Amino acid sequence: MIIIAGLGNPGPKYQNNRHNIGFMAADAIADRWRFGAARAKFQSVVAEGEVQTPAGAQRVLLMKPQTYMNESGRAVGEAARFYKVDPSQVIVFHDEIDLAPGRFRMKLGGGAAGQNGVRSLISQLGPDFRRARMGIGHPGEKHLVMPHVLGDFHKAELGWLEAMLNACADALPFAVAGDDERYQAEVMRLAPAPKFSPRQAARGE
């Protein structure tokens, strides 16, 4: 089994926040692969399904932790222990301010880089889970980071956002099969990041 967790904060107040892009990715995956009905389990909204890969169908547990972002690890850790899933078989979709808007990078292991949901996961699983980092850009000043991540996506951002969410879902067989490099390349092929001025790119990348 593969566990895929999208990170975010529960409730309508947060649903369109940049910080909730992980929840949005989970929803896109559930729709694309026609996962079963959502239900409450592991302090999360979960759905189960199968993703077809070249090696055959792979069972996937899709999670949206309802613990709030900063405690996401408690929910994902509980599921991983229950199913005896190794951290390398856990894929976490989350927002990444150190990537320009629309950029996408896969990463195995490492630190939290200021992302509190990732920090919580490290505390429960150790560092060696897989991170699907979805760029939302940096506002340029440290004191603006919180209002930026907890702010809603602007209308002008919805084009690249929808494209990236769909690409993450469509290319998912590569990630489920363990080929993160190919998955990253395919997501960026299907949804090229928008172009920004050099100043914006330097700030966001």
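The legends below describe close-up views of a predicted model.

**View 1. The seven-stranded sheet and its edges.** The strands of this open sheet follow the order β2-β3-β4-β1-β5-β7-β6, and their pairing is mixed. Strands β2 (39-41) and β6 (104-108) stand at the edges with a single partner strand each, so one side of each is left without a neighbour in the sheet. From one strand to the next, the twist averages 30°.

**View 2. Pairing of β6 with β7, and the helix packed on the sheet.** Strand β7 (residues 130-135) and β6 pair in the antiparallel sense over five bridges, and lysine 107 has arginine 131 of β7 as its bridge partner. Helix α5 (residues 158-170) packs on the sheet, where it touches β5 (90-96), β6 and β7, and its direction makes about 160° with that of β7.

**View 3. Surroundings of arginine 133.** Arginine 133 lies in strand β7 and has a relative accessibility of 17%, so it counts as buried, the limit being under 20%. Its side chain is joined to that of glutamate 96 by a polar contact of 3.1 Å. Beyond its neighbours within four places in sequence, arginine 133 is in contact with His94, Glu96, Leu99, Arg103, Phe104, Arg105 and Lys107.

**View 4. Leucine 172 and the nonpolar cores.** The largest nonpolar core holds 42 residues, of which Phe93, Phe104, Leu172 and Tyr183 touch the most other members. Not counting residues up to four places away in sequence, leucine 172 touches Ile4, Ile29, Trp33, Val51, Phe93 and Tyr183. Apart from the largest core lies another, of 20 residues, including Met63, Ala79, Val85 and Val118.

How values were computed. Residues numbered from 1 in each chain as written. Predicted model: local features only at pLDDT ≥ 70, side-chain atom pairs only at ≥ 80, totals over all residues. Heavy atoms only, no water. Core = buried A, V, L, I, M, F, W, Y, C linked by side-chain atoms within 4.5 Å. Buried < 20%, exposed > 50% of the residue type's maximum accessible area, 1.4 Å probe, protein only. Contact = heavy atoms within 4.5 Å. Pairing = 2+ DSSP bridges. Helix = DSSP H or I, 4+ residues; strand = E, 2+ residues; numbered from the N terminus. Axes fitted to C-alpha atoms, helices over the stretch in contact; angles between N-to-C directions. Polar contact = N/O pair within 3.5 Å; in protein donor to acceptor, adjacent residues only side chain to side chain.
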